[in-house]
Every structure is written in structure tokens, then in C-alpha cells.
Amino acid sequence: MKLLRGTKEKKIRSLGLLIFCQFLLLLCIPMQAEAGKYAEEDRYYTMQYKMTENVDGYTKMTIDPDKKQLVVDTCRINCKAVGIQYRKGISGEEKKLDVVGKVDGDNYTFEIPLDSWEDGDYIIIVWYVHNGSDYCNFFSGLHMVIEDGESFFPKDTAYKMGEKQLNVLKKVNEQSMLSDTSYLGSSEAEMKAKADSIVAGCTNDYQKCEALYQWVMDHVTYTFNTENEAVDVFKTGKGVCFGYANLFTAMLRLEGIPAATITGGTYMYDYFDKELDDYYAGGDMSPHAWTVCYFDGVWHYCDATWDDGIGGRDRYWFDLSMERMSQDRGQLKLYHTFVLGDYVYSYDQARLSVSSYTGDDTTITLPTEFLGEKINSTGWKGFCGNQFTDDNNTNIEKVIIPRSTDFIYLGTCSFNNYPKLQAIVVPDTIKQVEDGVLLGCGSQLTVYCTPDSAMEKYAKEHNLNYVLYQDNCEVIYASVVDGNDSYDAWVSDGSLSGTEGQGRRIAKLKINGLYNDGIKMRAYIGQKWTQWQNGGEIAGEGKDIEAIQLDLYGDLEENYDVYYRTHNRHKGWLGWTKNQGMSGTFGIEGAIEGIEIKLIPKGTTVAGITDDTTAAYFGVAPTAIPTPTNTPIPTPTNIPAPTNTPVPTVTSTPMPTSTLIPTNTPMPSNTPVPSNTPVPSNTPVPSNTPIPSNTPVPSNTPVPSNTPVPSNTPVPSNTPMPSNTPEPTSTPSPSDTPEPTSTSSPSNTPEPTKQPEKLQVLNLKLSHTSKKVHVGNKVTMKAAGKGGQGTLKYQFSYKYAGKTVVLSDFSTKSSAVFRPKKSGTYTLYVKVKDESGQLAVKTIKSYKVLKKYTIDTLTVSGKNKKLQIKIGTVGAEGTVKYKYVVKYNGEVVKKNTFSTKKAYTVKVKKKGTYTVTVYAKDTASNVVKKKTVKCKIK
């Protein structure tokens, strides 16, 4: 936080107040000291801090691990002596080394021996003396660890927050940061003109950043109680740290340099939240804001506020690495969102969040990853219907949060005011639910959660309708028992719904796929089957539910079998059956009293559950079990066949084999007989065929019974039928019979229903068809469906190592992105369904994914002020080029352009620790990877 401009006395008082607040804060933050907690790569040996503007220069603190000394380099600051105060742990006794070093000529470096200090965590405070006993603090609460006798500054929570944030930044398309300038409004042109004038003459992005950075410091005065959006700060020249960062970010974007504002806080040590199993620092810090920008292939951190606080003399806080920036601040929120498909993502509260949904589906399953990074939460006010109406789909009816050990947090008001939201499924992996998550969603909402979970607690506290389900179940069901007014509680995973041995029947039954709407059902009521329903409810409507059939579709069908059994008042529990099997009774006035349903993964068995179809029902069941569709099935009847029914003329049309025409049928006279038209005699008429009513039946006409006749097959009318006509052979099926010509339709005969065209997947194409697809490559899957009824919806998925992963659930979008995370063999799927429930599938099998293109080896050795760099890669396509960047204390001392050379020698001027970062660019896929190592020059 920048100090207020003014007199020297005001600045010292402000500095003292800030230090005092930070010091009190540190007393409240729990510390963890664990032996062996910090690996070598999680340690710092050098820390640097810039002084306030009344001090010329900066102070550097270094640990010399060989000499076991804490080295303080005051860099010629205006002081007489340096002192140390320290405390071991939170409650440890404070100790003060009044004066550990006096300025002597050109000696401004002081060494504090640490060999007598015990292992543990320490808070170090450094003081300097500039007038007699006038002490002024310039290091506040620095965290130092001594472990097994070795001293270092640890990479604590701040570093891990920054590292996670940087992982997100490195994977996004930098150009996405340049697309949104709507927040600048009518001032965009004015700001762009100003930015252009500032960078005039600059030859690269580094110089542009530097020029804009200096202009922001010259233009802005740190002022409280002001508007801090970029446009406001540009016009007024006033703002706090958030204003400095926003203005610098906006002007960088206007010059084509990707940038974003970061808010967080300055602190030295925070804590690990054991309950959330995550690093957390919400609010326990002094708030601050700064900027991250991208040039020369690297993300750079800049803090114009702090540099302006010391007069902006040498831009100390410009172009720093994430490692350096994380030494004194936590990086909580990234003020930029990222769009991928129908979802918007953000980095908020040290967590990667899914913030909103912009698609058209009414049922959504939230993603658990963004470009390979794990999603941790829903964003604060992310899906808030009343705040993001223009961007979010407020027609959402069902939200499914998948079970993921990383997805642990529901942010404040994240599903606020969704007027049509009827259901939200929340697994037990959600450990924290903030207030207002479901505020204003209405009484129609039901929350599905697990027992003793954070969501159950939230639902009780806020009087929400909720249903408990067992962990990892896929289907839940409930029933209304005869005599009750409402449904019993939802049950799952083979539990009993209904009664057992009480002589009562199930009057209503409802079944839902919890995570996937993938279950369908129908019931036998009143000697007929109901229509198939995709989930929903079946009611007996005053009659007994005698039998039931269940089946699966979609993702559930591919991965599970549905087993079920029923309890009958006469027979008790019947045997288990599965997947369209009949369970219940037929013709003995039985009723279902209870039911148990269980989903079992394909290829597995469960003790006590077997597929015993013969024991699953009792009585004489219907002989035909139609295929599950949403089309009504005709009821079997035995209506006598009519004679003298007007029949259209048929020319050269063979009739079905073994079809006889009844004898003694009166023939019309004076009617020409068609030639070459064999018509079999003695044609039996089938049963089970709906016959038009209101047709006169002549006397003395024998009517064959129980003889099947093809339905919807026209019979010739007014045509004399010769007797003794030979029977045709090889009779084609009715579907292959030519339509009669010039024939009027019979009266009172229903027109045949036009069947929908068969649904099929025409193709499944991939954007990356090379046999050398690598882990991390983006592959776009695109499909095209044909036929069916109504609107077609597509689901894309893949199978790897026996596990199926849905990339994009059923929606009208006909493409999806597949980005493999592991090498091996994949099977890619697209499923297409229409509005009638038809489903078609197409697959691409044995799709090979090779190991990720990476830097395999990177060795850096140092001797005689030279760095020897050697590089190697694996999984490359085409020519590989390399680039390195060498930094010392956060500053670039050497870098090259991309070259095919794999070995470099770099001469350095100073002793100390150097950081070498290497990039490798594969010309075939243009993928750039990065690896960093450290090397000490003694």
C-alpha cells in the first residue's frame, strides 16, 4: 500500500501505523512448524524490499547457508546502525539484539550468526538507527525457518497462490485478454490516442511497458475516496493501488499487450486451512493491487503503486517474477475472466472458479477442469441471475456438481435468483457453502445432498427442500403407499421403497437419474402397459400397479445395468431382473407392495443379486414385450374380420405366403378381373390387428380366427376374386409391396402413421487427425446427425482405462473439445438423440495419444562465473528451437532468441544464485513449454 504524499513526519507516522497493523496481524495468524516440511525447491535464500521514499535505495536480506549467517545489506541507506528483534513461534518470547552492526565507512552489510539458534519458525523484525536512539522498522514480520540446522525463507502460501494463478495464465490464450475494452466506454479512443503517444518510438513490448508504467506513476496521485476504474483514474489522475493497477492494465491492452489486474494482500506468513485442505488467506492481510502482463514469452509482475511510493526512481517493482512477487504478498483474485465453450471461468479467492454458463441447456453439469487445471469453486456471485442476466442462462432448471476432490467450495450468492431452478445436486466433496448460494430461487427448488454434509447443514439452516441420497449413487426413487397422501422419502442403491408384508400397494412411483437423466420406466396397470417414460412418475390412478419394467439410456446405459425386484402381496419378494425385464404379477390381481432398484457397473457382480428372469414375475405375462420407446403400444383385441370391405385395386401385387381367401364369398358380376394377379384363397385373418369399426359383416361367411395378417396392408376393393388361384411363393413383406395406383382410400379406415426417418450419425470428424497427437493437444470433435424427430442433441465423451468421461452433455452444439491428459489408447464417442428418445452412436476406436511434448533434460552448472546450459526434449514433431532467459535477483541479465542450439555458455559478473528459464518450441504443433532451474555461482 503506497504511503500518502506529504511531509516527512506524515510519511514516518503512516509507515509506523502500517507496520504496527501488520505486526498485530501476524500475532493472530496460526503457524505450522513441521519437521521436513519444506523441500529444497520450496526455499528462498535471498529477500529484497524497497524502502519508503525518504530512504535512498533498498534493503536486501540474505541467508548464507554455508556460514549459517543472516546477512543484511542496507545498500547505503541513511542510517547509523542496524538491529534485530525476533520471536520463535507465535507465543515465543521476543528477543532483541539492540545493535548488530554499525555503519563503518563503506560497510553497509551486517552479519547475524545463526549457528546457536534452535530449529523452528521465527518472525524476524529488522530496525535501523539514523539519529541516536531513533529506531525505524523496515522489515516487518519476516518469516524465517531453521530446519535441521539449516536456515531459509520458505515459499509459503503466497508462493503457492501465485504459482497456481500463473498456471492458469500460462494456459489461456493471451489474445483473450485483449478482446474486452467495453469497460472503457466512449473514452477508449481518447485513452488509445494517449497510449499511442506514450509508446511512440518504442521498438519492443518491454520498452512499451516501461514507458506506460512510468507515465502511470507520473500521472496518478495516491488518493483515498476516489473511483478506481481505469477510465476514472485516467480522467482524474487520482486513485489507490487498485486504480494504479487498473489504469496500467487498460493501457497495456490498448497497445496489444495482454495484462490483468491482481488483487490480494501484503503479508509475510499465513496459514493452511486443514478443514478445506487448501491454502487460504481471505482478508487476513493488508489489501493491495498490482498488474501482471505478458511480453517476451513470459508473464511479468509490476507494482506501479509501490514504485510511485518511492518516487519511481529506478522502477524496482517493474518486471518481477512470480517467485519474487510472492515473497511479500498473496495473489487472490485475477480481474479477468476466461471463456471456454459455454462456460466462463475466473481466478478468485485463491481458487480457480467456474463463474457462469452462457449456453441454452436447461440441465447443466458443471466442469471440473479448465485447460487441465482443477476447478475449486463456483465464483463469488458467479451464476447470480440478477447480476449477470445478459450473460447467464436464467432458464436453468437443474444444476449438477460432479463429485471431485478438488471442487470443494460454493461461493457467496453463486446461484442467486435463478427463477426456474428446480434441482441442484451437491456431492459430499463440497466442504464449504457460503451464505446466499441459493438465495431467491423459489419454493420449487429441491436440493439433493448427502447425509451430514455441508450442503445438508446449509439446507436445514435456510429451510430449503432437500433430499438425502447415498454417496456415489446414480438413481433415486420414492413411492406413495395406498392410504398415504404424499411420497415417502427418496431412497437409493437397493433400499426398500414401499412396504413389505403389510398387504398395501404402491399407488404412485417416481424414479430419477440423479447425475444423469438416464432411466426410463413403464408399468402394467389394468391389463395393459403404460407408455415408456424417461424418469418422472407413474400413478396407478385407483388401480393396482401389477408389474414394472425399467431400462437405461445415455451414459448410464453404457456403463451400468439396472437391477430391480418387487414384493407381491401373494408371493413375497420375486427374483431380481434387469434391463427391460418384467417384475410383478399378471392376471392374479396382484399388486406391488415394495420395490428395490440398484445400478451395478457392467461386468461386475454383487452378492445376492442375480439375473433370474423366470423368478421375476408370476402369472401369464404378455407374450410380446415391445421395445422401449415413447410410442403407445396397441392393445391386443380379437375383433372379427369384415367382408365386402371396399379394397383398392392392386396390379401384379403378390400377397403374403399361405394366405387364404374364405370360400362362398359372393362375387360382384360384370367386373373385369385383373390379369396376372395371383390372389391366394383361404386367407386366414390375423388376430391382434386393429380392425375398422362400423363395417357390415355378411352372414354365412366363415371368419378364420387367430391367423396373423400384416397390419396397414391395403386389400383390393370391388375386385372379383377367382377361386383356385395358385399360391405365390417368396412373398415379399408388406413393406416391399408397391402402392396401388388410382385407388381411393377406404372409408372409415385410419391412415397409416408416418414413421420418422431413422436417426443416424453421418460422421464424426476430428480437427487433429495426425497419428502423433500428444498429451495436451487440442482436438475438436465435430459430428453431424440425420433423421429422427424434432431437434437433435449431441453428447461427446471418451473412454480411457475403462472409465468414460463426458466432454459435453446433450445439447444442440455439434462439437466439443478433447484435450487428452494422459498418453495411451482412447475411444471417442458421439451420441445423438432426438425428441422421441431415439439414440444413435458413432465411435472412433484406438485413437492414439503420445506422451506430452516436454523438456526432458535441463542441466545448468556454474563455474568461474560461467553458466553451462544443456537442453533436451521428448515427444517433439519437426524441428525444435530453444530459448533461455537468465535472471539474477529477479532481473534479466541474459536471454537469446529461439535457436536450434541445445547447449549454451553464459558469462555472468556476480556471485550468487541465478535462475535459468528455458522454452522449447515445436514447429509442428507450435507448442511452447517451460522449465526453470537455479544455479549458484560461488
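Okay, let's start with two helices that touch: Lys194, Ala195, Ile198 and Val199 in H3 meet Lys208, Ala211, Leu212 and Trp215 in H4. By class, that contact has six nonpolar residues, two charged ones and no polar ones. Bear in mind, by the way, that this is a predicted model.

How do H3 and H4 sit against each other? H3 covers residues 188–199 and H4 covers residues 205–219, and they pack at an angle of about 115°. Their axes are 9 Å apart, and the crossing of H3 past H4 is right-handed.

Next up, helix H2, residues 157–171. What should its 15 residues span? At 1.5 Å a residue, we'd expect 21 Å, and the end C-alpha atoms of H2 come out 22 Å apart, so the two agree. As for burial, the buried residues of H2 are Thr157, Ala158, Tyr159, Met161, Gly162, Gln165, Leu166, Val168 and Leu169.

Now over to the sheet. Nine strands make it up, it's open, and the pairing is mixed. If you want to trace it on the screen, the order is S17-S16-S13-S18-S19-S20-S24-S26-S28. Which strands stand at the edges? Those are S17, at 298–302, and S28, at 432–433. Each has a single partner strand, so one side of each has no neighbour in the sheet.

Last, one pair inside that order. S19, residues 343–348, and S20, residues 351–357, run antiparallel, and six bridges join them. If you'd like one bridge to look for, tyrosine 343 has tyrosine 357 in S20 as its bridge partner.

That's it from me, thanks.

Key
Residues numbered from 1 in each chain as written. Predicted model: local features only at pLDDT ≥ 70, side-chain atom pairs only at ≥ 80, totals over all residues. Heavy atoms only, no water. Helix = DSSP H or I, 4+ residues; strand = E, 2+ residues; numbered from the N terminus. Expected span 1.5 Å × (residues − 1). Buried < 20%, exposed > 50% of the residue type's maximum accessible area, 1.4 Å probe, protein only. Axes fitted to C-alpha atoms, helices over the stretch in contact; angles between N-to-C directions. Left-handed = near helix turned anticlockwise from the far one by under 90°. Contact = heavy atoms within 4.5 Å. Nonpolar A, V, L, I, M, F, W, Y, C, P; charged D, E, K, R; others polar. Pairing = 2+ DSSP bridges.
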